[in-house]
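Welcome to a short set of exercises on charged pairs and domains. Keep the model open and try each task before you read its solution.

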Amino acid sequence: METITDPARLAMHTRAMRKTARPVVLVPDSDAGQLVLIQAARRIPRAVVVAVSSGAPLQVAPDVTFVDSTPEPTLLVDASPSLTRTLRLVGLTHCSDIMVSELHFDEVMRLQRAITELAYEVTVHTLPTLREADGLALARVNAELTGEERQAALAISAALTAGAHEAVKGDDAVLAAARAVFDVAPGITLTRLEIISGRLLAKATVGTHELTDSIDIRVSEG
């Protein structure tokens with residue numbers, strides 16, 4: 001494994017890898033199980049896996065770790081700092097593929113749209129949201145919750161499940177069922193609830209923490 005801190009050196013390294021016809025797979029810094037994303041990236045044949053770290057050590061070694069200390073972007077794409085950072089990394093790494101979690105599904109959709117509209121030759125791979133035994137999404141922010149906050153946060157996965165059970169009745173029924181769970185759940189405040197490309201997305205706050213989760217509500221035919 002090689003650790004790189006200089007963006008120019010990273011660009012030179014990944015450009016050389018692409019010239020050998022090896023795919024370069026970018027795994028951005030993620031609060032949604034970066035370890036599993038790196039493992040999934042390794043399954044792409046002959047892949048050179050480039051994982052981005054904000055400084056914390058990675059539990060599994062990619063081929064290249066880029067410690068990203070570049071300044072926050074000032075020219076934003078779609079008014080999103082996180083999307084802008086990811087697109088900057090796409091250009092910097094010359095990646096052929098990018099591996100992300102479905103947890104922040106709205107961000108995944110914005111990323112895919114931006115890559116398409118900018119005509120980047122990059123394939124976006126998504127992994128299903130990983131969950132703890134109690135149903136809460138495996139995410140860095142959820143690990144910071146106190147015991148009481150965690151109990152309150154369980155409402156978000158319960159609401160998504162309730163909504164998914166109503167999928168055969170249509171979008172209005174899905175949203176109503178999910179909202180009904182939040183209406184009676186203590187300690188959690190719903191801030192966003194919508195359906196995006198066949199997934200029910202919810203965002204909520206618990207204490208000072210902003211939580212997000214989503215679930216597939218597409219009804220299978222047959």
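The exercises below go from single salt bridges to the interface between two domains.

This is a predicted model, in which local features need pLDDT of at least 70 and side-chain atom pairs count only at pLDDT 80 or more, while totals for chains, interfaces and linings use all residues. Residues are numbered from 1 along each chain as its sequence is written, and side-chain values use heavy atoms, with hydrogens and water left out.

**Exercise 1.** Find the salt bridge partner of Arg 131 and explain what the pair ties together.

Solution.
- Step 1: Start with the rule: a salt bridge is a side-chain nitrogen of Lys or Arg within 4 Å of a carboxyl oxygen of Asp or Glu. The count by this rule is 13 salt bridges.
- Step 2: Look for the partner. Arg 131 meets Asp 213 in a salt bridge, at 2.8 Å from N to O.
- Step 3: Place both residues. Arg 131 is in the loop between strand 6 (123–127) and helix 5 (140–143), and Asp 213 is in strand 9 (residues 209–216), so the pair ties together parts 82 residues apart in sequence. Helices (H or I, at least four residues) and strands (E, at least two) are DSSP runs numbered from the N terminus.
- Step 4: Check accessibility, where buried means under 20% relative accessible area, exposed over 50%, and partly exposed in between (1.4 Å probe, protein chains only). Arg 131 is partly exposed at 36%, whereas Asp 213 is buried at 1%.

**Exercise 2.** Is Arg 218 buried or exposed? Name its salt bridge partner too.

Solution.
- Step 1: The partner is Asp 216, with the closest N and O atoms 2.6 Å apart.
- Step 2: Arg 218 has 62% relative accessibility and counts as exposed. Asp 216, at 31%, is partly exposed.

**Exercise 3.** Describe how domain 1 and domain 2 meet.

Solution.
- Step 1: Set the bounds: domain 1 (2–127) and domain 2 (140–216), taken from an automatic or database domain assignment.
- Step 2: Count the contacts (heavy atoms within 4.5 Å). Nine residues of domain 1 touch 11 residues of domain 2.
- Step 3: Take the buried area, the accessible area (1.4 Å probe) that two parts lose on being put together, summed over both. The two domains bury about 900 Å² between them, 51% of it on carbon and sulfur atoms.
- Step 4: Turn to charge. Four salt bridges cross the interface of domain 1 and domain 2.
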